[in-house]
Amino acid sequence: MEQSVLAAFAWFWNLFGWWDALWALVKPVWPVIWIIIKIVAILVPLLLGVAYMTYWERKIIGWMQGRIGPNRVGLWGLLQPFADGIKLFVKEILLPTKADPWLFLLAPVLAIAPALAVWSVVPFFEGGALANLDAGVLYVLAITSVGVYGVIIAGWASNSKYPFLGAMRSAAQMVSYEISMGLALVCVLMVSNSLNLSDIVRAQDHGMFRDWGVKFMSWNWLPLFPMFLVYFISGIAETNRAPFDVVEGESEIVAGHMVEYSGMAFAMFFLAEYANMIFVAAMVSIFFLGGWLSPVSFLPDGILWFFAKMTIFLFTFLWLRATFPRYRYDQIMRLGWKVFVPVCLVWIPLTGIWMMSPFNIWK
Amino acid sequence: MDLNSFAFYVLATVMIVAALRVITARNPAHAVLFLVLAFFNAGGLWLLLQAEFLAIALIMVYVGAVMVLFLFVVMMLDIDIKRLRRGFWSNMPLAATLGLLLLAEMALVLSTDYFGATAFPDYVQPADYSNTKELGRLLFTDYVYPFELASIILLVAIIVAVVLTLRHRSDVKRLDPAAQIAVKHTDRLRIIQMPAEKEAD
């Protein structure tokens, strides 16, 4: 890939005959430039995806509720995200008098930075990760757990009651659901025998069903089905999406931690939430649905399969939001601690016994 | 100065400043956040030592869980800084003695031959060396009994903490989720047939 990008650059600058002079200048810092190119290649589609996710959400929920959804800006309302973006950009960022100014402005940054940084280990296709970390899963767990600070600091620094309630709810909810998420991943690690995300995808490309041509049957979702559900539902709770959106809970605490924010600072929280949604969809696809692998053996593997799987889960996010009423707070805690954690604690030894038995399918 | 030592000095400086701010910050919430910053830099230092598992575990456990709960508690405190500072000078001699004692002990330990710059030979790890795998192997083979013992002690501590703070209140209405789910519409709704108008007498 690096070679073909270089060749394209060389072709372009050779049109003016400047390539050799330019390359002599650029060569010492090329590795840094190459990494920056890769970061841009990940982040620009991600942010576009976030923008169109908001449009898609409003459309889908509109259709589900017998409405049309946004249809004024551009054809079918397709330019709506940009209109919203420009509106948020030009609005003033208000700073409440009693707020802690530094932390108030730091909070949106702390929300968006982990949501973007965590994408560095995602393998989009074979060998297609920015950083092919051997401890990739640990990195994902560590960075996603940092995301909660944005919400907590926002709630505290606003020096206002509703944001504070939102922050308290968020802290309790995130810490609770991280446990079931981590335990669900333990099963995946056991059967893949690796912490590397690419290796976890490759480990799903083995098995009896794969040899029969139905590759999707040998992905982790089937033998680890309860963990698949636990992970996805915990992921919804981690991103504070409906029906677990008590952190924002517009009908209870206005908008939770975001009450006092306006303009771009507010937009940062929004971007972070949607980037996290897309990330959870990507993680479910990688851990349980074989990432870039094709579901049947007569079609080639590739990045399009990865996007298709993510799309299914992103649609499910919106579907759930349009379908279910919000959980009550004690019900959220009960689901996390009394249902998911015990299910995981049973399934981990069960997987261990399965792997040690003669019926082990992961050899 | 190569990149590694540059990174070390940056991380170490930020860490020391953050650690100092933890004890000098007036607002406890700021102090907790500086502690988080210090943890991040400690994680970075461990990464420089190629201990990636410990580095990421530090951030996952301390930053991701422990400090969140810390912040949770500290934010809810209603702190009067004047009242907090009142006992400062009366406690100063004891605190200073303890601090000096700790400093002396650390200096004694760190200045011995076991910790000197020459105590550890430069160890170059093979390219496919996995810190995580090696730690797991050691914990579950050579040190399996101490490891299991430590985990049982932790489990007991968790159960004890729950038992000590558990109060059964009898004056609150409790919900039984199983009963809620098992409810049928006939339990809640009774359809009564009655004439629309009263018959004239």
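# Reading contacts in a two-chain model

Tutor: Let us begin with one pair of side chains in this predicted model: Glu126(A) forms a salt bridge with Arg202(A), and the closest N and O atoms of the two are 2.8 Å apart.

Student: Where in chain A do Glu126(A) and Arg202(A) lie?

Tutor: Glu126(A) sits in the loop between helix H5 (101-117) and helix H6 (136-146) of chain A, while Arg202(A) belongs to helix H9 (residues 197-203), so the pair ties together parts that are 76 residues apart in sequence.

Student: Is Glu126(A) buried or exposed, and how should I decide?

Tutor: The general idea is to look at relative accessible area, where under 20% means buried, over 50% means exposed, and what falls in between is called partly exposed. Glu126(A), at 45%, therefore counts as partly exposed, and Arg202(A), at 31%, is placed in that class as well.

Student: Why can such side chains pair?

Tutor: Side chains of opposite charge can pair when their charged atoms come close. A search of the whole structure finds 9 salt bridges over all chains. One of them joins the side chains of Arg58(A) and Asp84(A), with 3.0 Å from N to O; this pair links distant parts of the chain, with Arg58(A) in helix H3 (residues 30-64) and Asp84(A) in helix H4 (residues 80-90) of chain A, 26 residues apart. Arg58(A) is partly exposed at 38%, and Asp84(A) is partly exposed at 24%. In another salt bridge, the side chains of Asp330(A) and Arg328(A) meet at 2.8 Å, N to O. Salt bridges that share partners also join Glu57(A), Arg241(A), Glu273(A) and Arg321(A) into one network.

Student: How many salt bridges cross the interface of chain B and chain A?

Tutor: The rule finds 0 salt bridges there, and the count of residue pairs in polar contact between chain B and chain A is 2. To read an interface, we can also ask which elements supply its residues. On the side of chain B that touches chain A, the elements giving two or more residues are helix H2 (28-48), helix H3 (52-76), helix H6 (131-140) and helix H8 (177-181) of chain B. The largest share, 14 residues, comes from H3(B). By class, this side of chain B has 18 nonpolar, 5 polar and 2 charged residues.

Student: What area do chain B and chain A bury between them?

Tutor: They bury about 2100 Å², with 79% of it on carbon and sulfur atoms. Of the area that chain B buries against chain A, Ile56(B), Met60(B) and Met75(B) supply 26%, which is more than any other three residues. The contact takes 25 residues from chain B and 25 residues from chain A.

Student: Which residues does Thr132(B) touch, once its neighbours within four places in sequence are left aside?

Tutor: Thr132(B), found in helix H6 of chain B, is in contact with Leu138(A) and Leu195(A) as well as with Glu52(B) and Phe53(B). At 15% relative accessibility, Thr132(B) counts as buried.

Student: What does Ala55(B) touch on the same reading?

Tutor: Ala55(B), in helix H3 of chain B, is in contact with Gly43(B), Trp46(B) and Leu47(B), again leaving aside neighbours within four places. The C-alpha atoms of Ala55(B) and Gly44(B) are separated by 6.8 Å, although these residues are 11 apart along the chain. Ala55(B) counts as buried, because its relative accessibility is 3%.

Terms used. Residues numbered from 1 in each chain as written. Chains lettered and ligands numbered in written order. Predicted model: local features only at pLDDT ≥ 70, side-chain atom pairs only at ≥ 80, totals over all residues. Heavy atoms only, no water. Contact = heavy atoms within 4.5 Å. Buried area = accessible area lost by both parts, 1.4 Å probe. Salt bridge = Lys/Arg side-chain N within 4 Å of Asp/Glu carboxyl O. Polar contact = N/O pair within 3.5 Å; in protein donor to acceptor, adjacent residues only side chain to side chain. Helix = DSSP H or I, 4+ residues; strand = E, 2+ residues; numbered from the N terminus. Nonpolar A, V, L, I, M, F, W, Y, C, P; charged D, E, K, R; others polar. Buried < 20%, exposed > 50% of the residue type's maximum accessible area, 1.4 Å probe, protein only.
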